[in-house]
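Hi,

Here is the structure I promised to pass on. Have a look at it first, and then read on for what turned up.

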Amino acid sequence: MDKLTKEQRSRCMSAIKGKNTIPELLVRKFLFSRGFRYRLNQSCLPGHPDLVLRKYRTVIFVNGCFWHGHEGCKYYVMPKTNVEFWRNKIEQNRLRDKEEQRKLASLGWHCITIWECQLKPKVRQHTLESLVYTLSHIFLEDRKVKSYEDSKENLSIMAAEMPLEYDTKNKR
C-alpha cells in the first residue's frame, strides 16, 4: 500500500468520532443510573474533558487505546504502514494528554482516565464500580472535617490584631 497524502490522511482522520463514542456512552449511562450528574465536553477546561463532575471536582477522560497510546494494551498496535507518521501522532497525543492533566490538577481538579479496554464486557462492571468508589472517596476526602489538633498551630496567628508594643522605659 502506498503512503497516503496529507489530504487523504486528513479525510480519514475527520471520520473518527471524538464525542459520544460507545465507551463514553457506557460510562455516562452507568454514572447517571447511579445518581451522578455531569457536564459534557466543557470547553472552558483544558483538554475539553469528556465528563465534568463539578460536585466532585473531577474530570473523566474516556480514551481509545490506539489513539492515546495505551502502553501494554493489546488494542494498541502500531500500524505497519506509515509508521513514522503514526508514532509521531500518538506521541503528540500522549504529551498533550499529560499537559492537559497537569493544567487541570493545578486548577484543583482530580483527573480520571478510563481506557477503552477497561470497558470490554469481561471487565466493564469492575471498572465502573471502581469508578464509583473512587468518586465517593474523592467526595468524602474533600469534605473531611479537620480535627482540632490539625488546626491548633494556626490559632496563635490572628490577621486582624496588631501586636502591642509596651514602652517600659517611660513607665511612671
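Which residue in β4 does valine 59 stand opposite? That would be cysteine 111. Before going further, please keep in mind that this is a predicted model.

**The strands**

Valine 59 belongs to β3, and that strand is a good place to start. β3 and β4 run parallel to each other, paired over six bridges. β3 also pairs with β2, this time antiparallel, through three bridges. In that second pairing leucine 53 sits opposite threonine 58 of β3. The β2–β3 hairpin has four residues between its strands, and arginine 57 there adopts a positive phi near 50°.

How many of the six residues of β3 are buried? Six of the six are, so the strand is largely enclosed by the rest of the structure. In a regular strand, side chains alternate between the two faces of the sheet. In β3 both faces are covered: Thr58, Ile60 and Val62 are buried on one side, and Val59, Phe61 and Asn63 are buried on the other.

**Helix α4**

Part of the cover story involves α4 (124–142). With 19 residues at 1.5 Å a residue, α4 should span 27 Å, and its end C-alpha atoms are indeed 27 Å apart. Its buried residues are Thr127, Leu128, Leu131, Val132, Leu135 and Ile138. These cover an arc of only 140° around the axis, which means they are on the same side of α4. The face turned away from that buried side carries the exposed residues His126, Tyr133 and Leu140. And what lies over the buried residues of α4? The cover includes α2, β2, β3 and β4.

**The cores**

In soluble globular proteins, nonpolar side chains tend to be buried together. Here the largest nonpolar core has 18 residues, and the ones touching the most other members are Val27, Leu31, Leu53, Ile60, Leu131 and Leu135. The elements giving two or more residues to this core are α2, β2, β3, β4 and α4. Of these, α4 gives the most, with five residues.

Leucine 135 is a good one to click on. Leaving out residues up to four places away in sequence, leucine 135 touches Leu31, Phe36, Leu53, Tyr56, Thr58 and Ile112. Leu53 and Thr58 in that list are the pair that stand opposite each other across β2 and β3.

There is also a second, separate core of eight residues, among them Phe66, Cys73, Tyr76 and Trp86.

**Salt bridges**

Side chains of opposite charge can pair when their charged atoms come close. How many salt bridges does a search of the whole structure find? The count is nine, and three of them are worth a look.

- Glutamate 24 with arginine 28: the closest N and O atoms are 3.2 Å apart. Both residues lie in helix α2 (residues 22–33), four residues apart, or about one turn of the helix. Glutamate 24 is buried because its relative accessibility, 1%, is under 20%. Arginine 28 is buried as well, at 14%.
- Glutamate 71 with arginine 94: here the N to O distance is 2.4 Å. Glutamate 71 is in the loop between β3 and α3 (83–106), whereas arginine 94 is in helix α3, so this pair ties together parts 23 residues apart in sequence. Glutamate 71 is exposed, at 55% relative accessibility, while arginine 94 is buried, at 18%. The two are also part of a salt-bridge network that links Glu71, Glu91 and Arg94.
- Glutamate 100 with arginine 96: this bridge has an N to O distance of 3.6 Å. The two residues are four apart in helix α3, which separates them by about one helical turn. Glutamate 100 counts as buried at 16% relative accessibility, and arginine 96 as partly exposed at 38%.

**One more thing in α3**

Lysine 89 also lies in helix α3. Is lysine 89 buried or partly exposed? Its relative accessible area is 24%, so lysine 89 is partly exposed. The C-alpha atoms of lysine 89 and tryptophan 67 are 8.4 Å from each other, with the two residues 22 apart along the chain.

Cheers

Key
Residues are numbered from 1 along each chain as its sequence is written. This is a predicted model: local features need pLDDT of at least 70, side-chain atom pairs count only at pLDDT 80 or more; totals for chains, interfaces and linings use all residues. Side-chain values use heavy atoms; hydrogens and water are left out. A salt bridge is a side-chain nitrogen of Lys or Arg within 4 Å of a carboxyl oxygen of Asp or Glu. Buried means under 20% relative accessible area, exposed over 50%, partly exposed in between (1.4 Å probe, protein chains only). A nonpolar core is a set of buried Ala, Val, Leu, Ile, Met, Phe, Trp, Tyr and Cys residues joined through side-chain atoms within 4.5 Å. Contact means heavy atoms within 4.5 Å. The expected span of a helix is 1.5 Å times one less than its number of residues. The arc is that of the directions from the helix axis to the C-beta atoms. Two strands pair if DSSP finds at least two bridges between them.
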